[in-house]
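Work through the exercises below with the sequence and the model open. Each task is followed by a solution in steps.

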Amino acid sequence: MLQRHRRDFLKLAGLAGVTFTAGLFPPGEASAQAGGDFHFVQFSDTHWGFKGAANPDSENTLAKAVATVNGLANPPDFIVFTGDLTHTTDDPKERRARMQRFREIVAGLRVKDVRFMPGEHDASLDAGEAYKEFFGATNYTFDHKGVHFIVLDNVSDPAAKLGTAQLAWLEADLKQRKPDDRIVVLTHRPLFALQPDWDWTTADGDKAIELLMPYGNVVVFYGHIHQEHHHMTGHIAHHAAKSLIFPLVVPGSQPRRAPKPYDPAQPDLGTRDVTMGSKVSLVELPVTRS
Amino acid sequence: MTRRFMMMLGVPLALAAARLAAETTPEVRIGAKKFAFHPNKVTVKLGRPVVLVLTSEDRIHGLKLPELGLRAEIVPGQETRVSLTPQKAGSFAFFCDVFCGDGHEDMDGTLVVEA
């Protein structure tokens with residue numbers, strides 16, 4: 001019922017994109033644990049500082065996305081950014097300037113509970129040093145209304161590894177969970193081998209999936225590939241989000257990964273609204289506000 | 001033959017064998033520099049041992065060739081030597097798998113294994 005209402009208001013607001021409902025969190029188990037349905041919004045791959053033909057409007061896209069989400073009739077409980085907040089640069093001073101400007105723009109979000117994580121563009125050239133100065137830890141957990149969120153860092157190591165220390169940390173955290181706990185993993189790169197020759201994988205992501213596998217209610221949200229994508233590893237769903245800078249081509253569709261040509265009428269950029277109820281519902285939110 | 005004679009004979013033979021092995025195992029040198037491999041296309045022979053000699057001119061890069069199970073880090077100031085005996089013919093993509101900056105995504109190449 002709540003999901004239908006949410007779709008109704010999104011349609012009324014002219015914001016709703018494709019709706020995807022994942023058959024996760026079996027109703028009996030979820031209702032027993034949930035503190036009530038809620039929704040959050042996922043931003044990803046804003047790449048602040050990018051300039052190029054792939055998005056001639058790059059200086060305005062993030063602000064438009066902020067305005068779009070601020071315009072939601074039912075504000076989300078919180079917002080997550082799944083990495084690549086800024087576009088990479090070799091200059092440490094410029095890297096910090098981009099992070100500063102990014103932070104100023106997203107300060108315009110009306111929802112003030114905002115969770116960040118790095119992408120390789122933010123953190124791979126300095127092992128996350130600048131990122132930590134601005135946004136804090138690169139891996140952490142938080143809980144919201146009965147759901148346990150785990151943020152994994154697969155970018156501070158430039159070889160795209162979680163690393164043994166972080167995997168041990170994940171294992172220790174999971175040991176505190178019950179098998180039917182609701183768990184959401186947020187990360188930047190796909191944990192599974194989506195397209196390894198395009199860097200669309202995590203070198204030791206299979207170890208994280210193995211640790212998560214005993215838990216019956218797990219869903220992963222990530223970015224990096226600049227397009228909507230849905231994949232199952234066993235019972236675990238992995239959902240990639242659109243970017244807010246430029247869309248990339250479909251994995252494996254051509255020899256090299258590349259941005260799609262810019263189309264001002266259909267830029268294929270956006271955020272995503274995620275409703276956590278007895279099922280997980282995804283609604284893509286195109287950038288519409290000027 | 002005396003033991004001394006055998007030793008006199010054995011040492012040069014061992015050296016010659018080592019030299020022969022070195023001479024008969026071809027080396028292919030590949031340099032890495034943001035954001036390209038030089039050369040970015042190399043050709044080797046099916047079933048013939050080869051040593052890839054990898055060097056970097058600027059920073060740490062990686063070379064990953066998934067289809068042949070190869071992966072190496074390339075550290076500036078040293079040679080990374082990777083022995084390989086290709087067991088299947090074809091063209092195989094390799095790429096840098098250590099994020100190295102804006103252009104990293106374009107840093108790739110092709111290993112051609114000729115039958």
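The exercises concern a predicted model and treat the interface, the sheets and some backbone details.

**Exercise 1. The interface**

Task: Describe the contact between chain B and chain A by residue count, buried area and polar pairs.

Solution.
1. Count the residues in contact: 15 of chain B touch 14 of chain A.
2. Take the area: about 1300 Å² is buried between chain B and chain A, with 50% of it on carbon and sulfur atoms.
3. List the polar pairs: six residue pairs across the interface are in polar contact, both residues being at pLDDT 80 or more.
4. Sort the chain B side by class: nine residues are charged, four are nonpolar and two are polar.

**Exercise 2. A salt bridge between the chains**

Task: Find which residue of chain A meets the side chain of B:K34 in a salt bridge, and place both partners.

Solution.
1. Begin with the totals: the whole structure has 25 salt bridges over all chains.
2. Place the pair: B:K34 is in the loop between β1 and β2 of chain B, and its partner A:D90 is in the loop between β3 (78-82) and α4 (92-106) of chain A.
3. Restrict the search to the interface: two salt bridges are counted between chain B and chain A.
4. Check the distance: B:K34 and A:D90 are 2.7 Å apart, N to O, and the cut-off is 4 Å.
5. Recall the general point: side chains of opposite charge can pair when their charged atoms come close.

**Exercise 3. The four-stranded sheet of chain B**

Task: Give the strand order of the open sheet of four strands in chain B, and explain why β2 and β7 stand at the edges.

Solution.
1. Read off the order: β2-β1-β4-β7, with mixed pairing.
2. Look at the ends: β2 (36-38) and β7 (80-84) of chain B each have a single partner strand, so one side of each lacks a neighbour in the sheet.
3. Add the twist: on average, neighbouring strands of this sheet are turned by 25° against each other, direction ignored.
4. Examine one pair: strand β1 (residues 27-33) of chain B runs antiparallel to β2(B), joined by three bridges. B:A32 is placed opposite B:F37 in β2(B).

**Exercise 4. The six-stranded sheet of chain A**

Task: Work out the order of the six strands in the open sheet of chain A and the helices that lie across its strands.

Solution.
1. The order is β5-β6-β7-β8-β10-β9, and the pairing is mixed.
2. At the edges are β5 (140-144) and β9 (229-233) of chain A; each has a single partner strand, so one side of each is without a neighbour in the sheet.
3. From one strand to the next, the twist averages 20°.
4. Strands β6 (residues 147-151) and β7 (residues 182-186) of chain A are parallel and share five bridges. Within this pair, A:F149 has A:V184 as its bridge partner.
5. Helix α7 (residues 164-175) of chain A lies across β5, β6 and β7, at about 175° to β6(A).
6. Helix α8 (residues 205-212) of chain A lies across β7, β8 (217-222), β9 and β10 (236-240), at about 135° to β10(A).

**Exercise 5. Backbone details**

Task: Locate the cis peptide bond between B:K34 and B:F35, the one from B:H38 to B:P39, and the positive phi of A:D45.

Solution.
1. The bond joining B:K34 and B:F35 has omega of about 0°; B:F35 is in the loop between β1 and β2 of chain B.
2. The bond from B:H38 to B:P39 has omega near -5°, and B:P39 lies in the loop between β2 and β3 (41-45) of chain B.
3. A:D45, although not a glycine, has a phi of about 50°. A:D45 belongs to the loop between β2 (38-43) and α3 (58-70) of chain A.

Definitions and conventions:
Residues are numbered from 1 along each chain as its sequence is written. Chains are lettered from A and ligands numbered from 1 in the order in which they are written. This is a predicted model: local features need pLDDT of at least 70, side-chain atom pairs count only at pLDDT 80 or more; totals for chains, interfaces and linings use all residues. Side-chain values use heavy atoms; hydrogens and water are left out. Contact means heavy atoms within 4.5 Å. Buried area is the accessible area (1.4 Å probe) that two parts lose on being put together, summed over both. A polar contact is a pair of N or O atoms within 3.5 Å; within protein, one must be able to donate a hydrogen and the other to accept it, and residues adjacent in sequence count only if both atoms are side-chain atoms. Ala, Val, Leu, Ile, Met, Phe, Trp, Tyr, Cys and Pro count as nonpolar, Asp, Glu, Lys and Arg as charged, and the others, Gly among them, as polar. Two strands pair if DSSP finds at least two bridges between them. Helices (H or I, at least four residues) and strands (E, at least two) are DSSP runs, numbered from the N terminus. Axes are lines fitted to C-alpha atoms, for helices over the stretch in contact, and angles run from 0 to 180 degrees between N-to-C directions.
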